Every structure is written in structure tokens, then in C-alpha cells.
Amino acid sequence: MSIDFTTATFKDFENIPDYDIAQRADYFYEFLDHMTARGHNNYRLKNTSGSNATLNIDIADHNKEYISFVSSDYLGFSQHPKVKRAAIEGIEKYGTGTGASPLIGGYFDYHNVLEKKIAQFFGRNEEEVVLFTTGYAANSATLQILMQKEDIAILDMGVHASVHEGCAFTNKKTFPHNNLEALEHILKMSESMYRTKLVIIDGVYSQEGDTSRASEIYDLVKKYNAYLMVDDAHGVGVLGETGRGALEYDDLLQKVDFIAGTSSKTFGNLGGYMITNKKIASFLKFQSRQHIFSVTAPPSSAGIVKAIDLIDEEPFWKDKLWNNINYFKKGLDDLGLDTGITCSAIIPVKIGDQSKMWDIGRILIEEGVYTNPIMYPAVPRKDARIRMTVTARHEKEHLDKTLNVFDDINKKLHIAKK
């Protein structure tokens, strides 16, 4: 089998017919060499400084500072002195790890403090919160144990890969992004066929940066006696009057059946959580394999508690983030670039042509701007784009320099769509 490296994506090497493990790895290694030789391999670059508006990166053994648009630390709390101090104090009191899973000795009082803090933040009860080691695990682990062969999961096409993995043991249907007519058709057809019907959407979608039609979807889901799960990893701290996320807009924080989230973005740490009613939460704590067989979060998680407090204590970080978002998006739009339908801190510049996307990613790196080129299967094959995340740590000079680079790229490659 021959794969055209000029149009290939990582997905093409996942399962090549008649190629065993070593052969697939060899062929993929050739592809990585091809990308690197052309300056197109913007992945797994080695950072030598902390997550911030700028990153020091080693490329070809040369260390340089780059403006960074690759971090989802939206409010910059991973670098906040109070958050770092809380994490350090947690380590000084408890050490660097827990040594056990939650069922057999790895559940500490600081985990309970974190459960209470997350519950309080969302206006829920601490018994309704289940902690996981990552946001990915929160989705995958919850769905794997709750959704079985008698059930059906109904997914918006834009949901995260962790959701798809979690649905490996159940029936699965997808509907076009935010398409209520298609969703209702699936709900209607599934009404009497399956034991449990669970609709899964995002609060903010990670590639388009737009929000779900959560209020309308909630009403539709309840009309057909189904459950609703919302993953708001990219909305918390960014959206809502008080930073409670996309669900705060629609007053759904107390209503949806499952709220999935992560501590790796706005909370500036590592970990995930699932919020549901206390009986399902208890079921997950004793049945979810990834929960009961994974060592619990380390004492540095005390930093998460402080980060959650800061959303209310220092709201100016959210204000600055939105000033940056609005300024940067307007600048890109004024250049005629296609930023899609984003309404969050995730701002894509849609290119379409994958080969042109690679060239743009290379030029950005050469000019000192670090971004994520995104291709299939994360987005449709003809919808390649440069994905950027804006944070409260960016300053106007960072944004202006990046806009100037895009202006130069547009003059050379004619990527404006408007």
C-alpha cells in the first residue's frame, strides 16, 4: 500500500491493511521524517519554560522565545503566585504522591476539600462530584461503565475523542453539529429501542470555538425521556457572568444530568471531574475502572482549590481575557481571514487546503509564533486550519506581532476569505 505523504494525515497510518505493528511504525516514521524535513512538524516540540503567553522552545537544538497560542490555561492561573504557593504547601504537607487508588487508601482530606470546592463553584452538593486523574478519563471512564450494549449514546459530531472512546461498549449515533432536527429524529427513532438514551454535547467546542444550543437541546432531550451530558472543559472560567461556563448562560447548572470538566485548563493544574446526582456519583466511585484502579491526584492539587477561588476573587483576569479575545479576533477579521463561528477563547483561522496549512504553520514558527495546525480527523479533510487559544497572559504587543505575521502570510499565500 502506498500513502501520499503530501496529503496524508496521522489517521492514515492507524491501521494499514497487511502491515503489522513494526511495519506500520516504520512507515509512520518515514512520514514524520518527511514532515520534519519540510518544516511541517509542529508537534511535540520541547518547551523549556512554563505555560505562558510566551514559551522558550528547542527546535533543532536552538532555543528561542515564541509567542504561544497553544495553551488552554485561559486565565493564566498555572503561573499565578497564589496558585503555585497553594500547590507547594500541599506537597510540603503530604508529599509528592498518594501511593494508592481511592478505594484502598488513596483518598485524602484534600481530595474532599477539592470535591467541596468544585461542588460549591457549580452550586451543587459535594456528594455529586467524582474526581478523575484527567478530564479525558472523566469522560471515558464515566461512559464506559454507564453505557452498555442495551443503551445508546447520541453525540454531537464535534465532541471530544474521549467521549467516542467512552462509547466503545454501547450503541452510538452522531448528529450534525448543533442540528436539532437531526437530534430529534434520532431521539424519536430510539425512544422505545434502548434502555438508556444519553445525549452528549460540549459547552464550548474545541475546534470551532462555538457553543452548543444547550437550552434547546435540554428541552428536546427531556421531551424524549433521555439524559443530557455536557462537557464544558473550554467554557469554565471563560463564559458566564461569573465564569461558571456555558451552562451559566442558560441557567442549566442545576438541571443537566452530567457536567464533565477538567482542571487542566482554567484551573491551571491536572485532573478531571464528573458532576451528577449523588447516587450515580456513588455508583461511579465504586464501579468506574479508571477511577478505582488509578492512583489519585497528588497533593499539588491544592492549587486547583486556590484557582477556583481566584475566579471570584480576581475577576479582572476574565475581563482581560475577553479584551484580548475581542481585539485579536477583530484584527484577524479585519485582515479578511475566516475565523468561523467562534465565540470563545478558541480562535481558528480556517485555511481549507492542508498543504497550505502546513506552509502557514511553518512560516508562523519561523516568525516566532507557535500555533497548532489542525487536520483530519480532528476536523473534516477540507477544513484544515490554524487553531489558536487566547489567554489573559497575552499582551497587546503579542497580539499585534501575530496579526502582522498573518498579514504578511496573506500577502504571500492569499488566504483571506472575505
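The legends below describe close-up views of a predicted model.

**View 1. An open antiparallel sheet of three strands, E11-E14-E13**. The strand order is E11-E14-E13, and the pairing is antiparallel. Strand E11 (346–352) and strand E13 (372–374) are the edge strands, each pairing on one side only. From one strand to the next, the twist averages 25 degrees. Six bridges pair E11 with strand E14 (residues 384–389) in the antiparallel sense. Pro348 has Arg387 in E14 as its bridge partner.

**View 2. Helix H13 against the sheet, with a salt bridge in the helix**. Helix H13 (residues 354–366) lies across E11, E13 and E14. Its direction is at about 35 degrees to E14. Within helix H13, Arg362 and Asp359 are three residues apart, so about one helical turn separates them. An α-helix has 3.6 residues a turn, so residues three or four places apart point the same way. The side chains of Arg362 and Asp359 meet in a salt bridge, at 3.7 Å from N to O. Arg362 is partly exposed because its relative accessibility is 24%, between the 20% and 50% limits. Asp359 is likewise partly exposed, with a relative accessible area of 26%.

**View 3. The cis peptide bond between Tyr376 and Pro377**. The bond that joins Tyr376 and Pro377 is cis, with omega at about 10 degrees. Pro377 is placed in the loop between E13 and E14. In the sheet order E11-E14-E13, strands E14 and E13 are listed next to each other.

**View 4. Helix H7 and the elements packed against its buried residues**. Helix H7 covers residues 214–223, and its buried residues are Ala214, Ile217, Tyr218, Leu220 and Val221. These buried residues pack against two helices, H6 (180–190) and H8 (246–249), and against two strands, E7 (197–202) and E8 (227–231). E7 and E8 run parallel and are joined by five bridges. One of the bridge pairs is Leu198 with Tyr227 in E8. Strand E8 is largely enclosed by the rest of the structure, because four of its five residues are buried.

**View 5. Asn225 and Asp18, two non-glycine residues with positive phi**. Asn225 lies in the loop between H7 and E8, just after H7. Asn225 is not a glycine, yet its phi is positive, at about 55 degrees. With a relative accessible area of 60%, Asn225 is exposed; the limit for exposed is over 50%. Asp18 is found in the segment before helix H1 (21–37). The phi of Asp18 is also positive, at about 70 degrees, although Asp18 is not a glycine. Asp18 is exposed, with a relative accessible area of 79%.

**View 6. The end of helix H9, with Phe286 and Gln287**. Phe286 belongs to helix H9 (residues 278–287). Leu103, Ile104 and Phe286 make a nonpolar surface patch of about 350 Å². Phe286 counts as exposed, at 54% relative accessibility. Gln287 also lies in helix H9, and is partly exposed, with a relative accessible area of 38%. Not counting residues up to four places away in sequence, Gln287 touches Ile145 and Ile292. Gln287 and Ile145 are 142 residues apart along the chain. The separation of their C-alpha atoms is 6.9 Å.

**View 7. Salt bridges at Lys11 and Glu313, and a network that includes Arg195**. Side chains of opposite charge can pair when their charged atoms come close. The structure holds 25 salt bridges. Lys11 forms one of them with Glu14, where the closest N and O atoms are 3.1 Å apart. Lys11 is partly exposed, at 34% relative accessibility. Another salt bridge joins Glu313 to Lys306, with the closest N and O atoms 3.2 Å apart. Glu313 is partly exposed, and its relative accessible area is 45%. Lys149, Glu150, Asp151 and Arg195 are linked by salt bridges into a network.

Methods
Residues are numbered from 1 along each chain as its sequence is written. This is a predicted model: local features need pLDDT of at least 70, side-chain atom pairs count only at pLDDT 80 or more; totals for chains, interfaces and linings use all residues. Side-chain values use heavy atoms; hydrogens and water are left out. Patches are made of residues with over 30% relative accessible area and no salt bridge: like charges are joined within 9 Å, nonpolar side chains (Val, Leu, Ile, Met, Phe, Trp, Tyr) within 5 Å. Accessible areas come from the Shrake-Rupley method with a 1.4 Å probe; for residues, only the protein chains shown count as cover. A salt bridge is a side-chain nitrogen of Lys or Arg within 4 Å of a carboxyl oxygen of Asp or Glu. Buried means under 20% relative accessible area, exposed over 50%, partly exposed in between (1.4 Å probe, protein chains only). Two strands pair if DSSP finds at least two bridges between them. Axes are lines fitted to C-alpha atoms, for helices over the stretch in contact, and angles run from 0 to 180 degrees between N-to-C directions. Contact means heavy atoms within 4.5 Å.
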